[in-house]
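Here is a friendly walk through the structure shown below. It goes from the overall fold to the ligand surroundings, and then to a few single residues.

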Amino acid sequence: MNILLINPLWSKDTKSIFRYLYGVFPPLGIALLASILEQDGHRVRIIDCAAHEIIPADIIKHISEKFDFIGITGASQSAPMSYELAKVIKKNFDTPIIMGGIHATAMPDEVIGNPYIDICVRAEGEETIKEIVMNKALSTIKGISYKADGRVIHNPNREPIADLDSYPLPAYHLLPMKLYRSMLGVSIKWPSIGLIISRGCPGKCEYCYPNSLGDKVRMKSPGRILEELLLLKNDYRFKEVDFYDDTFTFFKNKVVEICDLLIQNKVGLTWSCLTRPDFVDEPLLKRMKEAGCHQLMYGIESGSSEIRKKINKKVDVDFKKIIKMTQRSGIQVRATYMIGNYDERYEDVLKTISFAKYVNSDLAVFNVCTPFPGTALYRRLEAEGRILTEDWSKYDFFNVVFKHPYLTAKEIIYLYKQANKEFYFRPIIFIRQLMALYNFNRMILLFRISIAIIKGLINWR
Ligand code: B12
Ligand code: SF4
């Protein structure tokens with residue numbers, strides 16, 4: 001079979017602050033599916049519209065042959081782009097179109113209700129795609145939704161994959177590897193690339209969708225992770241890898257093993273990761289530093305422990321102590337906060353801003369609270385009739401998309417900007433900038449962040 005897989009552009013909006021801050025991430029989901037399909041003897045091509053900035057109207061120019069199946073991926077924010085792609089393709093080719101990814105998992109009724117999409121794949125796609133391209137009867141394929149006789153049919157869910165090592169590495173050879181770069185403020189060496197080596201998180205925070213691929217946390221084996229890192233370093237010349245796993249240090253022993261392998265093999269990559277402050281300790285942090293880790297992201301979300309409880313953020317630790325311990329180990333801290341959490345009053349947000357300054361992470365990322373489809377927060381707000389728009393392209397952490405019980409949209413945006421100003425326009429940040437001058441990479445990094453924030457604030461819609 002001849003199969004085309006497409007990663008959509010996120011948004012046509014070129015003025016968003018988003019555009020300045022985010023890097024270009026490889027579509028690892030479809031790259032993995034491509035690898036599995038190639039292993040089974042199929043011909044696969046990937047078009048990464050996000051990396052090449054291809055708008056849906058232009059996709060036909062990039063499709064020069066006939067495919068048996070076309071698959072499109074996407075999160076909620078890029079779903080409108082996925083739908084436009086499906087429409088343009090279907091008007092030109094009579095090829096079955098499959099949509100998978102986070103949005104298809106969260107909103108299967110909407111996805112399969114789209115007249116241009118033939119099959120919606122929910123959750124993990126490794127086994128499902130194999131069965132689809134084998135032309136198995138749709139009624140027998142687990143994990144899909146489809147249309148038959150004018151009705152929508154949701155087949156039963158597929159069991160989660162137990163062993164991530166049982167699949168090949170993503171088909172990096174089909175991706176435009178030179179176009180990828182990490183999010184601004186994350187990497188200190190370039191070229192840098194984002195990577196995922198696990199699935200899931202044990203948390204159940206109300207605003208998050210960590211179990212889209214299954215409830216159980218799973219990680220590749222340290223040996224397999226080393227193999228992937230060496231491939232990225234040796235074949236594609238990356239100098240930094242940034243891990244976006246939900247809770248990188250969930251399996252502490254495995255992380256120690258990965259660090260040992262990186263040190264023993266003198267891999268020399270720098271790296272960063274995301275985790276929870278209750279999943280680290282000092283010896284682990286020191287080992288991570290020795291193995292090349294230079295930045296860690298902790299999600300704090302609110303400076304008020306009451307609000308954290310209400311949003312089910314069950315991380316009750318002394319944040320300042322853990323941030324200090326991380327910084328003492330030589331690892332920078334990037335902390336994230338949400339502005340306009342459900343139930344939050346104006347004073348609570350002011351508390352968050354003061355808290356961010358008090359715990360004094362190296363970087364702070366403030367996001368407007370966004371109820372993404374698939375989350376408990378979305379379901380709650382939908383039930384209460386508070387969702388203001390289902391234009392998913394606005395679900396980007398910068399727009400107010402729900403009617404807040406206590407804050408106006410104007411107040412939320414004002415507080416968002418205020419948080420950035422109060423955190424970044426402080427003498428301590430200026431001093432840090434000066435101290436960073438001894439390190440060329442950090443100097444460039446801080447310069448790029450400052451420019452991005454200024455550009456974003458100027459272009460604010
Ligand atoms: C890496 C990552 C990013 C990267 C890049 C994402 C990208 N577009 O590639 C960065 C950091 C840039 C990013 C940005 C954002 N992200 Co993000 N991100 C992730 C993260 C951590 C991992 C995604 C990943 O690569 N997974 C690994 C691969 C293997 O899984 P996968 O892509 O889901 O693919 C599997 C299946 O879904 C399926 N599949 C996927 N596509 C297809 C296609 C076909 C045809 C088939 C058959 C199957 C199939 O098969 C694959 C193998 O099983 C997830 C959380 C998570 N753990 O999944 C959040 C997550 C996807 N992101 C989220 C959000 C909110 C965002 C942002 C909106 C945040 C923002 N604005 O600041 C943006 C928007 C991104 C966008 N428009 O695509 C939410 C999405 C919620 C939602 N309903 O959309 C998630 C779920 C985080 C969360 N826990 O809530 N993100
Ligand atoms: S916000 Fe972080 S801790 Fe909470 S469920 Fe999501 S990934 Fe887990």
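## Overall fold

The protein chain contains 17 helices and 15 strands. Please keep in mind that this is a predicted model. An automatic or database assignment divides the chain into domain 1 (2-154) and domain 2 (181-460). Taken over C-alpha atoms, the centres of domain 1 and domain 2 are 28 Å apart.

How does the radius of gyration of the protein chain agree with that of a compact globule? For 461 residues, a compact globule would have a value near 23 Å, and the protein chain has 22 Å, which agrees. Along its principal axes, the C-alpha trace spans about 65 × 55 × 40 Å. Of the 461 residues in the protein chain, 44% are buried. Among contacts with a separation of 6 or more, 76% come from residues 24 or more positions apart.

## The nonpolar core

In soluble globular proteins, nonpolar side chains tend to be buried together. Here, the largest nonpolar core has 117 residues. The residues with the most contacts inside this core are Leu 5, Ala 34, Met 99, Cys 120 and Ile 339. Domain 1 (2-154) and domain 2 (181-460) each give at least three residues to this core.

Ile 339 makes a good place to look in detail. Apart from its neighbours within four places in sequence, Ile 339 is in contact with Val 349, Phe 366, Val 368, Cys 369, Ile 412, Leu 415, Tyr 416 and Ala 419.

## Around the two ligands

Ligand 1 is surrounded by 43 residues, and the closest are Gly 29, Gly 71, Thr 73, Gly 100 and Gly 125. Helix 2 (28-39), helix 5 (102-106) and helix 7 (126-133) are the elements that give two or more residues to this shell. Helix 2 gives the most, with five residues. Which domains supply at least three residues each to the shell around ligand 1? The shell draws that many from domain 1 (2-154) and also from domain 2 (181-460).

The shell around ligand 2 is made up of Cys 201, Gly 203, Lys 204, Cys 205, Cys 208, Pro 210, Asp 246, Thr 247, Arg 276 and Gly 299. The table sets out both shells by residue class.

| Shell | Nonpolar | Polar | Charged |
|---|---|---|---|
| Ligand 1 | 25 residues | 14 residues | four residues |
| Ligand 2 | four residues | three residues | three residues |

## The loop between helix 11 and helix 12

Ile 311 sits in the loop between helix 11 (305-310) and helix 12 (319-328). Is Ile 311 buried or exposed? There are 21 other C-beta atoms within 10 Å, and the cut-off for burial is 20 or more, so Ile 311 counts as buried. Leaving out neighbours within four places in sequence, Ile 311 is in contact with Cys 205, Glu 206, Tyr 207, Glu 301, Asn 341 and Tyr 342. One of these contacts, Cys 205, also belongs to the shell around ligand 2. Ile 311 and Leu 377 are 66 residues apart along the chain, and their C-alpha atoms are separated by 8.4 Å.

Asn 312 lies in this loop between helix 11 and helix 12 as well. Asn 312 has 14 C-beta neighbours inside 10 Å, so this residue counts as partly exposed.

## Backbone details worth a look

Most residues other than glycine have a negative phi, and most peptide bonds are trans. Against that background, three places deserve a look. Asn 312 is not a glycine, yet has a positive phi of about 65°. Asn 360 is not a glycine either, and has a positive phi of about 60°. Asn 360 is found in the loop between helix 13 (346-359) and strand 15 (363-368). With 17 other C-beta atoms within 10 Å, Asn 360 is partly exposed.

Which residues are joined by a cis peptide bond? They are Trp 190 and Pro 191, with omega at about 0°. Pro 191 is placed in the loop between strand 7 (151-154) and strand 8 (192-195).

## A last stop in helix 14

Glu 382 belongs to helix 14 (residues 376-383). With 14 other C-beta atoms within 10 Å, Glu 382 is partly exposed. The C-alpha atoms of Glu 382 and Pro 371 are separated by 9.4 Å, and these residues are eleven apart along the chain.

Technical notes: Residues are numbered from 1 along each chain as its sequence is written. Chains are lettered from A and ligands numbered from 1 in the order in which they are written. This is a predicted model: local features need pLDDT of at least 70, side-chain atom pairs count only at pLDDT 80 or more; totals for chains, interfaces and linings use all residues. A residue is near a molecule or strand if its C-beta atom, placed from the backbone, lies within 6 Å of it. Ala, Val, Leu, Ile, Met, Phe, Trp, Tyr, Cys and Pro count as nonpolar, Asp, Glu, Lys and Arg as charged, and the others, Gly among them, as polar. Helices (H or I, at least four residues) and strands (E, at least two) are DSSP runs, numbered from the N terminus. The radius of gyration is taken over C-alpha atoms; the globule rule is 2.2 Å times the number of residues to the power 0.38. A residue is buried if 20 or more other C-beta atoms lie within 10 Å of its own, exposed if 12 or fewer, and partly exposed in between; C-beta atoms are placed from the backbone. Two residues are in contact if their C-beta atoms, placed from the backbone, lie within 7 Å. A nonpolar core is a set of buried Ala, Val, Leu, Ile, Met, Phe, Trp, Tyr and Cys residues joined through C-beta atoms within 7 Å.
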